[in-house]
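Visitor: Could you take me through one helix of this model in close detail, please?

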Amino acid sequence: MTAAFILRRSAPDDFDTLGAIMFRAIREGDSPYTQAQRVAWMPQQNCGAVWAARLAEQVVVLGSQGDTPVGFMTLVGEGYIDFAYILPEARGQGLFPLLLDEIETCATHDGLTRLWTHASLMAQPAFARNGFSVVRHETIARAGQSLRRAEMEKSL
């Protein structure tokens, strides 16, 4: 069942909230990653000036249920989706394709012909359902843990 979501561009006042969404999305709920892998991936919540500067360089689409932010997706550079996170309690309700559609609209408006990302094991099915294909699988190391992910792409 699709819940009613409100989409909007994120503002700097939202950035710490987005860090909290990312933290909870990685650290809570069902996941193919172990708890040790999750902690290595996201040891603490992103916030502050460095986080704000990174987000300020991106198109950031925020999804809310009522007044409560529950997910976001970002676009940077030549079609790279840097972040795509949804709170555990909001997953499976149709927010991911709405966020992606808005990102695709922005990309097309900017003349881009391809979107790509490094998708976690958790995000790969959602990207695949929305037209992305795997370019290659890879494993990255973080804080002594190995994390599998895939580079994925979609032509626009």
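Guide: Gladly; here is a close look at helix H1 and what it packs against. This is a predicted model, where local features need pLDDT of at least 70, side-chain atom pairs count only at pLDDT 80 or more, and totals for chains, interfaces and linings use all residues. Residues are numbered from 1 along each chain as its sequence is written, and side-chain values use heavy atoms, with hydrogens and water left out.

Helices and strands are DSSP runs numbered from the N terminus (H or I, at least four residues, for a helix; E, at least two, for a strand). H1 covers residues 15-27, which makes 13 residues. Its expected span, 1.5 Å times one less than its number of residues, is 18 Å, and this agrees with the 18 Å between its end C-alpha atoms.

Now for its buried side. Taking buried as under 20% relative accessible area (1.4 Å probe, protein chains only), the buried residues of H1 are Phe15, Leu18, Gly19, Ile21, Met22, Ala25 and Ile26. Seen down the helix axis, these residues fall within an arc of 160°, so they line one face of H1; the arc is that of the directions from the axis to the C-beta atoms.

What does that buried set meet? With contact meaning heavy atoms within 4.5 Å, the buried residues of H1 pack against two helices, H2 (35-41) and H3 (48-56). They also pack against strands E2 (59-65), E3 (68-75) and E5 (84-86).

Finally, look just after H1: there Gly29 takes a positive phi of about 80°. For background, most residues other than glycine have a negative phi.

For contrast, Ala143 has a positive phi of about 45° although it is not a glycine. Ala143 sits in the loop between strand E7 (133-142) and strand E8 (145-155).

How values were computed: Buried means under 20% relative accessible area, exposed over 50%, partly exposed in between (1.4 Å probe, protein chains only).
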